[in-house]
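Biologist: Could you take me through the salt bridges in this model, up close? While you're there, I'd also like to hear about the strand pairing and any odd spots in the backbone.

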Amino acid sequence: MLGKHTSPHTVPGRLAPWLSPGIFYLGLTFLGWVGLLQGHPQCLDYGPPFRPPLHLEFCSDYNSFGCCDQRKDHRIAARYWDIMKYFDLKGHELCGGYIKDILCQECSPYAAHLYDAENPQMPLRNLPGLCSDYCSAFHHNCHSAISLLTNDRSLQESHGKDGARFCHLLNLPDEDYCFPNVLRNSQLNRNLGMVAEDHQGCLQLCLAEVANGLRNPVAMVHAGDGTHRFFVAEQVGVVWVYLPDGSRLEQPFLDLKSMVLTTPWIGDERGFLGLAFHPKFRRNRKLYIYYSSLGKRKVEKIRISEMKVSLSDPNKVDPKSERVILEIDEPASNHNGGQLLFGLDGYLYIFTGDGGQAGDPFGKFGNAQNKSSLLGKVLRIDVNGAGKDGRRYRVPLDNPFVSEPGAHPAVYAYGVRNMWRCAVDRGDPVTRQGRGRIFCGDVGQNKFEEVDLIVKGGNYGWRAREGFECYDKSLCHNASLDDILPIYAYGHEVGKSVTGGYVYRGRLMALQEDRKTKKWRKQDICLGNSSCAFPGLISTYSQFIISFAEDEAGELYFLATSYPSAYAPHGSIYKFVDPSRRAPPGKCKYKPVPVKTKTKKIRFRPLATTVLDLLKEESQKAARRSSNATVASDSDRAASQKGSRRKPTSPTNRKKTPRGPGTKKRGRLWSPGPQGKRGQNLNTGRTGTRQVAQPKSPGRSR
């Protein structure tokens with residue numbers, strides 16, 4: 001199964017923790033889509049603002065945070081001086097400040113609101129929205145500059161005499177967002193560049209769909225070879241190649257379906273469970289895989305193997321290259337572990353489950369506490385050569401139990417129940433603090449889940465301890481236990497089955513380290529907030545989450561499916577996006593190392609509905625409701641007017657008018673009302689939502 005059993009038919013999801021410096025991500029929840037677009041910082045390229053890497057010399061009001069880098073700042077300055085050539089000294093003094101302010105609104109963190117550019121399908125304004133007092137003063141003093149600032153004929157024609165008309169054209173319905181009020185609003189500017197929080201302190205993040213149609217995608221890794229490809233493994237034993245342009249190669253990278261043990265049963269934990277590329281993959285073409293197999297006499301095993309990429313095709317594994325490194329008998333079908341990763345020391349770390357069933361019932365103390373067993377362990381081996389006693393790997397000389405009688409020398413840490421996904425901390429990008437630490441989420445039994453920081457020789461307590469609490473009291477009170485406590489644990493009233501970072505039924509959380517106290521603080525993370533109204537961003541995802549992942553650039557993803565069967569093609573991959581900020585242009589751009597492709601590329605076609613599309617649908621529904629209300633109002637008024645014009649007749653003289661075959665029934669006439677056309681019926685309100693304006697009064701177009 002993909003996590004801890006809560007019932008025979010329950011599939012707790014699994015998520016791997018992949019780290020930003022000092023933050024450990026834990027789980028996920030869907031709070032629902034907010035139907036109205038809240039005002040949020042956004043640039044004219046429809047992306048979030050950023051902190052300029054270099055000082056802005058001209059539009060210096062936006063030097064700390066906005067939508068301009070130094071190159072754009074220079075371009076705006078050049079345009080300013082081109083315009084000012086047409087002014088004398090007095091004109092410079094009178095209009096220079098106005099013209100600079102107006103031009104620099106492209107750099108405002110709220111540029112999209114000022115230019116009416118929240119939606120890429122809508123045309124931009126030529127000039128930013130100006131507050132009425134400021135606009136009137138500008139028109140009074142510098143109306144001759146309007147033709148130099150814009151080629152919009154309606155604005156140019158209005159500048160001569162009618163300042164009120166000009167300012168009406170530049171008006172924004174919400175005065176909080178017009179210039180210069182937007183600069184003065186402390187509520188809008190207080191937390192610019194900070195990850196947004198809701199009123200309950202929940203951090204607001206968004207998603208972008210990057211892949212779909214996968215069969216229980218259990219792992220996504222990169223090769224670290226500069227190509228920026230990522231490799232997605234399906235539970236059935238197929239690995240696919242995705243290219244930096246988002247396309248997928250038609251032929252798989254690896255196909256082991258015939259060798260991998262799994263079934264279509266919902267919740268089967270067996271299958272292809274993990275892979276890792278050698279740190280020197282670019283030179284030796286080696287990768288390592290972890291999968292369930294069926295041995296002789298139908299004994300279930302965990303197999304860790306080395307394979308090589310084909311010399312003739314860099315996007316294909318040589319199927320004949322498999323070299324089995326390690327096999328471990330599995331006494332039950334659950335708790336199979338599955339994580340492989342290379343530490344900064346160059347050694348391969350293998351994370352195994354305790355053998356399954358419940359309560360680790362194997363032997364006197366269970367597999368996890370038995371250092372001679374490879375189950376319920378963190379193993380550390382050197383794959384760069386053969387070792388003693390016929391082993392196809394070497395044991396690092398500094399492994400903690402090399403000299404302990406009866407202990408398996410490959411054991412690096414023990415007392416593990418079922419660590420599904422783990423991660424190596426990249427460290428602080430500046431100080432490198434924390435670099436190389438390994439974090440894991442370990443699934444609890446009935447009450448508690450935990451997150452662990454892996455240390456050499458550490459005993460993580462299972463089955464004596466579950467989280468911070470005792471599970472097996474006879475073992476728990478043993479003074480020689482000396483177990484490593486989790487950095488964080490929680491009860492099942494918060495969430496079920498942490499599996500390498502995922503809280504199955506609960507929420508996404510971040511653990512942030514206090515570097516002074518070395519303690520970890522939890523903060524919830526929410527999806528579905530209306531701040532995700534950017535092109536390509538979504539607020540929904542498949543229900544069953546399987547794993548976390550990161551790409552070669554360090555971006556964070558998670559893998560999920562809507563139907564948790566190894567054979568169901570309903571899996572998707574989602575990328576986390578922070579809607580409050582981004583890196584400045586060029587900083588995160590990279591040039592992938594070219595890789596030859598011999599098979600057809602399949603273009604990615606997203607299935608999820610974006611937040612912008614949802615907003616559009618809501619707007620159209622509102623327009624239809626408004627139209628229907630107009631129709632009903634017109635009908636009632638027409639009936640009322642017709643009744644008031646009818647002459648009263650006595651009951652004895654009232655006659656029915658005969659209708660012949662050529663007589664048409666007289667129908668009502670009405671105007672259907674507005675249908676949400678751009679520029680006529682849509683306004684931008686305070687929240688940034690395009691709202692349908694009220695229709696003209698009924699009867700006017702009869």
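Modeller: Here's a walk through the charged pairs, followed by one sheet and a few backbone oddities.

A word on ground rules: this is a predicted model, where local features need pLDDT of at least 70, side-chain atom pairs count only at pLDDT 80 or more, and totals for chains, interfaces and linings use all residues. Residues are numbered from 1 along each chain as its sequence is written, and side-chain values use heavy atoms, with hydrogens and water left out.

Let's start with the charges. Side chains of opposite charge can pair when their charged atoms come close. I call it a salt bridge when a side-chain nitrogen of Lys or Arg lies within 4 Å of a carboxyl oxygen of Asp or Glu. That rule gives 24 salt bridges. One of them joins Arg270 to Asp268, with 3.0 Å from N to O. For burial, the cut-offs are under 20% relative accessible area for buried, over 50% for exposed, and partly exposed in between (1.4 Å probe, protein chains only). Arg270 is buried at 8% relative accessibility, and Asp268 is buried with a relative accessible area of 8%.

Next up is Glu306, which meets Arg323 in a salt bridge at 3.3 Å, N to O. This pair links distant parts of the chain, 17 residues apart: Glu306 belongs to strand S11 (residues 300-308) and Arg323 to strand S12 (residues 323-329). The strand and helix labels are DSSP runs numbered from the N terminus, with helices (H or I) needing at least four residues and strands (E) at least two. Glu306 counts as buried at 6% relative accessibility, whereas Arg323, at 27%, is partly exposed.

A third pair is Glu513 with Arg437, whose closest N and O atoms are 3.1 Å apart. Here too distant parts of the chain are linked, this time 76 residues apart: Glu513 lies in strand S23 (residues 508-514), while Arg437 is in the loop between strand S17 (419-424) and strand S18 (438-442). Glu513 is buried, with a relative accessible area of 15%. There's also a network: Lys72, Arg75 and Glu106 are joined by salt bridges that share partners.

Now for the sheet. Four strands make an open, antiparallel sheet in the order S3-S27-S26-S25, where two strands pair if DSSP finds at least two bridges between them. Strand S3 (206-214) and strand S25 (544-550) are the edges; each has a single partner strand, so one side of each is left without a neighbour in the sheet. Strand S26 (residues 556-561) pairs with strand S27 (residues 571-577) over 5 bridges, in the antiparallel sense. Leu559, for instance, has Ile573 in S27 as its bridge partner.

Finally, the backbone. Most residues other than glycine have a negative phi, and most peptide bonds are trans. Phe179 and Pro180, though, are joined by a cis peptide bond with omega about 10°; Pro180 sits in the loop between helix H7 (163-169) and helix H8 (181-184). Trp462 and Arg463 are also joined by a cis bond, with omega about 10°, and Arg463 is in the loop between strand S19 (448-453) and strand S20 (465-466). As for phi, His335 has a positive value of about 55° although it isn't a glycine. His335 lies in the loop between S12 and strand S13 (339-342) and is buried at 2% relative accessibility. Gln357, not a glycine either, has a positive phi of about 60°, and at 44% relative accessibility Gln357 is partly exposed.
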